[in-house]
Amino acid sequence: MSRRRALGAGALALALMSSGCVAGTSGSTSGGQADDQPFEGEVEFWTINLKKNFGSYIDGLIAQYQKEHPKVTVKWVDVPGQDIATKLLAAVASGDVPDAVNIASSDLGRFTPSLAPLDELLKPADLADFQPNLVDSLRVAGKLYAVPWYNGGTPVGIYRKSVVGKAGFDEKAPPKSYAEALALADKVYAETKVYGSNDIPGVNAASVLRYYGIELLSADKKKATFNTPEVAKLLDTFKASYDKHGIAPGSISKDVRNYPQTLENGQIAMAASASAATLVNVEKNAPDVYKDLLVTEPVQTGTGGYLLLAQQTVAIPKASKHQRAAAEFVKFFTNGANQLAFCKLVPIYPSTISSTKDVFFSDITGDSPMDVARRVIVKGLPKLEYVPLGTAKDAELGESLSEEIRAFLQGSKSAKEALDAAEKQWNDALA
């Protein structure tokens, strides 16, 4: 697949990351018959909004699997993206569940009690090819409730050379923390009158706080723990940068997909932690800006890692009557060869180690911003940190905290008032 085709698929990749999808190749499954039991029966498998673009591909995958497992029939059910949570909740309530289902990691918290622990269905060898950091994040109380599928990759740092260069930016030493990034952003505006970035509060303010090592929830996940003098002081640093225009004024918009100031329209200078899909949009809509971009490693957490906001997973409901057959299908569906094939169709990244060793990922040449981004992403995959809140209301909680920080940045609340309000909302939601 050419780089041009990969970039052209950027919009589709964004849709897939938010909804989930399926792909595979005709490779053999790993392992064999778990515990020497035959695999037979019908495996009902749910995907999300795939039939239009991937129908023939998935049908081919299913046909190959059934050929290798003649006693198994795979029934594929494609669910509209907006209906998946409602439909799965209804299925769980009725007991008539799919045998395997694609679930975005951000939704796992609400479904975990209804999922089968996979430790009894998958052996350690079955998990050996997955990035350990991505598997471990799907464990609850030591039990594995899903296997990772694909993700959007490591964030990248994106800088407009002609702008940040006037503020003393050193491409060999890009910001390693959000504190360093904000300092640079403030200096950029002071020197150039170009806004710094939209990084804060960003898509999810809770994730930004994690970069500073802030614990958000108590161990029992029943109480918010971010309402501290330390966090109030941190918010004050955000406000100072916002007032200096290091943080762009449009960053308080709730419509994070359509900020007033962007790299595309040339009104911001940098993004210290951005999705590579940002580059797809800039190249398509602002080719002159794209030529001016420099891509680096993103800012890091206190442990030197990179936060992953979400990953796509595959799970098996506890009420499934064909769990072992479903587990074998999941192994086939998510194996390294099949993940690699999917990554060649859409610019996403695998959870399997073997996939990244293929020349498609290991021999990335060229010096364009996207070429550099792909090298940064592949190198950073083992350092991804996915640390979900792990509640049934992760999205709701994240948005309520972001909204309070937006109010604080606008000056309608003090840092303490914003944190008090967010804490109450979290505690009420978790009660």
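## A kinked helix

Helix H3, which spans residues 51-68, carries a kink of about 35° centred on Tyr 57. This structure is a predicted model, and the descriptions below should be read with that in mind. The buried residues of H3 are Phe 54, Gly 55, Ile 58, Leu 61, Ile 62, Gln 64 and Tyr 65. When reading such a list, it helps to recall that an α-helix has 3.6 residues a turn, so residues three or four places apart point the same way.

## Aromatic pairs

A search of the whole structure finds 18 aromatic pairs. In one of them, the ring centres of Trp 149 and Phe 333 are 4.7 Å apart and the planes stand at 50°, so this pair is classed as tilted. The two partners come from distant parts of the chain, since Trp 149 belongs to strand E6 (residues 147-151) and Phe 333 to helix H14 (residues 323-333), 184 residues apart. Trp 149 counts as buried at 1% relative accessibility, and Phe 333 is likewise buried, with a relative accessible area of 0%.

Another pair joins Tyr 178 and Tyr 211, whose rings meet edge-to-face, with 5.2 Å from centre to centre and 85° between the planes. Here too the pair links distant parts of the chain, with Tyr 178 in helix H9 (residues 178-192) and Tyr 211 in helix H10 (residues 205-211), 33 residues apart. Tyr 178 has a relative accessible area of 6% and is therefore buried, the cut-off being under 20%, while Tyr 211, at 10% relative accessibility, also counts as buried.

## A cluster and two charged neighbours

Trp 149 and Phe 333 also belong to one aromatic cluster, which is completed by Phe 45, Phe 54, Tyr 65, Tyr 150, Phe 329, Phe 332 and Phe 342. Of these, Phe 54 and Tyr 65 appear among the buried residues of the kinked helix H3.

Aromatic rings in this model also lie beneath charged side-chain ends: that of Lys 51 sits over the ring of Trp 76, 3.6 Å from its centre, and that of Arg 374 sits over the ring of Phe 360, 4.7 Å from its centre.

## Two packed helices

How are helices H19 and H20 arranged, roughly parallel or roughly antiparallel to each other? Helix H19 (residues 394-410) and helix H20 (residues 415-430) pack at an angle of about 165°, with their axes 9 Å apart. Because angles over 145° count as roughly antiparallel, H19 and H20 are roughly antiparallel to each other. The crossing of H19 and H20 is right-handed.

Technical notes
Residues numbered from 1 in each chain as written. Predicted model: local features only at pLDDT ≥ 70, side-chain atom pairs only at ≥ 80, totals over all residues. Heavy atoms only, no water. Phe/Tyr/Trp six-rings, centres within 6.5 Å; stacked < 30°, edge-to-face > 60°. Helix = DSSP H or I, 4+ residues; strand = E, 2+ residues; numbered from the N terminus. Buried < 20%, exposed > 50% of the residue type's maximum accessible area, 1.4 Å probe, protein only. Lys NZ or Arg CZ within 6 Å of the ring centre and 35° of its normal. Bend = angle between axes of the 7 residues up to and from the residue. Axes fitted to C-alpha atoms, helices over the stretch in contact; angles between N-to-C directions. Parallel < 35°, antiparallel > 145°, perpendicular 65-115°, else oblique. Left-handed = near helix turned anticlockwise from the far one by under 90°.
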